[in-house]
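Colleague: Could you take me through one part of this model slowly, the open sheet and whatever packs around it? I would enjoy one connected account rather than a list.

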Amino acid sequence: MKENESEGLRRVLVVDDEESMRQMLSILLKKQGIDVVTASRGQEAIDLLESGERFSVVMTDLSMPGGVGGLDVLRAVKSIDNASQVIMITAFATPETAVEAIKSGAYDYLTKPFKLEQVKLVLDRALEKYALLAENLYLKEEQRKFRPKGIIGESEPMKRVMEMVHRVARTKTTILITGESGTGKELVAQAIHDASPFKGPFVPVNCGAIPETLIEAELFGYKKGAFTGASADQKGLVESARGGTLFLDEIGELPLSAQVRLLRVLQEKKVKPVGGVEEITVDVRVVAATNRDLKEEVECGRFREDLYYRLNIIPIELPPLRKRGKDVQILLRHFVGVYSEELDTDVKGISAPALAVLLDYDYPGNVRELQNIVERAVTLELGTMIELGSLPPTLRPRVTRSEVLELPVEGIDLDLEMQRIEQAYLEAALDRCEGVKTEAAKLLGISFRSFRYRLKKLGLGDDDANNEDD
């Protein structure tokens with residue numbers, strides 16, 4: 001918790017018009033190490049709260065002169081800081097007043113005269129409840145504010161991923177990110193690095209993109225003369241990430257010989273350059289990622305078991321896009337905005353038919369595939385809304401031969417047949433939208449003007465051009 005919030009855990013406001021009562025409670029509470037503030041009137045207490053003063057517990061008399069009583073103080077407390085607990089004090093307790101106080105949010109009430117032990121018991125419980133509520137509210141607020149750059153999503157699977165990123169960012173523990181291709185493993189690794197207090201660089205390495213003969217030299221560096229072409233000492237990528245994060249993408253592609261060296265880095269925080277004799281100490285956090293099943297790789301002898309367990313201390317599994325529900329629409333909206341601005345187009349959104357297709361698609365290539373689809377569509381679209389024709393052909397709904405009426409031997413009048421189909425769709429849209437033409441137009445992915453024109457052309461419209469929602 002923040003410093004000022006932890007201080008508030010033992011701070012009590014005593015509100016009572018009787019000076020003797022204020023003094024007695026102040027002495028009692030201060031003996032327990034509690035910071036005490038007093039007020040002789042209800043309005044004085046409310047003024048303190050509205051000025052920014054915060055208290056873990058407010059102990060207030062129910063009836064006070066001046067027209068502002070304990071219930072008014074209670075309501076003010078709850079409107080400002082719902083975690084603060086209120087204990088009502090009264091000399092005339094009745095079941096009705098007790099019920100009213102509890103219903104209004106009071107933690108408990110004390111009836112004068114009361115025993116000191118009774119005050120201590122009620123107060124201790126109220127302080128415990130405040131501590132719990134304040135901590136929960138703080139954690140929720142921190143979680144709400146934590147939005148890793150580049151990670152977009154509101155689905156429960158992604159909320160769990162972001163929560164895990166938040167929790168592990170401040171540690172130097174090795175992390176293994178798993179998930180299908182295109183799920184955003186490097187974005188998560190970058191988010192972990194950005195949220196960490198370690199100010200060294202973020203060094204990404206694609207283990208599958210470096211030739212096997214060069215991987216050890218690239219990762220661990222080399223000394224002059226270590227091999228043909230090594231004309232000078234060269235620092236490796238592991239050493240380059242000192243004080244920061246080394247992100248090893250596609251770790252399953254790492255050759256066994258390099259795996260042995262990497263294990264040494266993880267266990268001892270030391271690296272020996274190729275051709276070198278002395279080891280170099282490296283303070284680096286390793287985040288690895290793979291779309292392979294490393295357990296299966298271990299069983300097949302392609303990945304070292306000891307390295308697997310060193311990497312898999314904290315696993316983070318990224319969900320495929322098909323399991324992220326509402327995130328698909330959120331991502332579509334985001335990428336339309338990004339590429340519309342980047343490509344300087346007039347595209348503002350996605351038509352209903354195109355959106356239906358995009359939401360129904362499984363995205364085997366995950367977020368990366370969705371991003372590519374939107375970039376292509378925004379590039380090709382000439383209007384303000386992405387239409388079906390701008391989507392990749394593989395996504396567009398196709399009419400198969402089995403869905404087409406059998407062509408008569410004598411042939412058909414294609415214009416009349418298309419007119420019949422168009423009329424059927426217009427009427428179906430109107431029926432579904434209960435005659436609201438603007439909504440029917442949206443359903444068919446066309447403008448209201450186009451919809452009205454088609455109705456008029458087919459003799460289905462009316463003469464009131466301004467009647468948009470009849």
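Modeller: Gladly. In this predicted model, five strands make up an open sheet, arranged in the order 7-8-11-6-12 with parallel pairing. Strand 7 (202–206) and strand 12 (314–317) are the edge strands, each paired on one side only. On average, and with direction ignored, neighbouring strands of this sheet are turned by 20 degrees against each other. As a reminder, strands of a sheet pair through backbone hydrogen bonds, either parallel or antiparallel.

Let us begin at the strand 12 edge. Strand 6 (residues 175–178) runs parallel to strand 12, and four bridges join the two. If you want a pair to look for on screen, I177 has I316 in strand 12 as its bridge partner. Helix 7 (residues 156–168) lies across strand 6, strand 11 (285–290) and strand 12, and its direction makes an angle of about 155 degrees with strand 12.

Now move along to strand 8 (residues 245–249), where T245 is found. T245 is buried, because its relative accessible area is 1%, under the 20% limit. The T245 side chain makes a polar contact of 2.9 Å with the side chain of H193. Leaving out residues up to four places away in sequence, T245 touches H193, P201, F202, V203, V284, R285 and V287.

Next comes L246, which, apart from neighbours within four places in sequence, is in contact with V203, V205, L237, V238, A241, V284, R285, V286 and V287. L246 also belongs to the largest nonpolar core, which has 30 residues; L246, L248, I251 and L262 are the ones with the most contacts inside this core. Which elements give two or more residues to this core? They are strand 7, strand 8 and strand 11, together with helix 9 (215–220), helix 11 (256–268), helix 12 (294–299) and helix 13 (305–311). Helix 11 supplies the largest share, five residues. A second core, separate from this one, has 23 residues, and L355, V367, I373 and L391 are among them.

Helix 12 also brings us to some charged residues. R292 and E297 form a salt bridge, with 3.1 Å between the closest N and O atoms. R292 counts as partly exposed at 31% relative accessibility, whereas E297 is buried at 6%. Elsewhere, salt bridges with shared partners join D16, E18, D61 and K112 into one network.

Within that network, the side chains of K112 and D61 meet in a salt bridge at 3.6 Å, N to O. K112 lies in the loop between strand 5 (108–111) and helix 6 (116–145), and D61 in strand 3 (residues 57–61), so this pair ties together parts 51 residues apart in sequence. K112 counts as buried at 15% relative accessibility, and D61 is buried too, at 6%.

The structure holds 23 salt bridges. One more worth a look is the salt bridge between D35 and R11, whose closest N and O atoms are 3.1 Å apart. D35 lies in strand 2 (residues 35–39) and R11 in strand 1 (residues 11–15), so the pair links parts that are 24 residues apart in sequence. Here D35 is partly exposed, with a relative accessible area of 40%, while R11 is buried, at 18%.

Terms used: Residues numbered from 1 in each chain as written. Predicted model: local features only at pLDDT ≥ 70, side-chain atom pairs only at ≥ 80, totals over all residues. Heavy atoms only, no water. Buried < 20%, exposed > 50% of the residue type's maximum accessible area, 1.4 Å probe, protein only. Polar contact = N/O pair within 3.5 Å; in protein donor to acceptor, adjacent residues only side chain to side chain. Contact = heavy atoms within 4.5 Å. Salt bridge = Lys/Arg side-chain N within 4 Å of Asp/Glu carboxyl O. Pairing = 2+ DSSP bridges. Axes fitted to C-alpha atoms, helices over the stretch in contact; angles between N-to-C directions. Core = buried A, V, L, I, M, F, W, Y, C linked by side-chain atoms within 4.5 Å.
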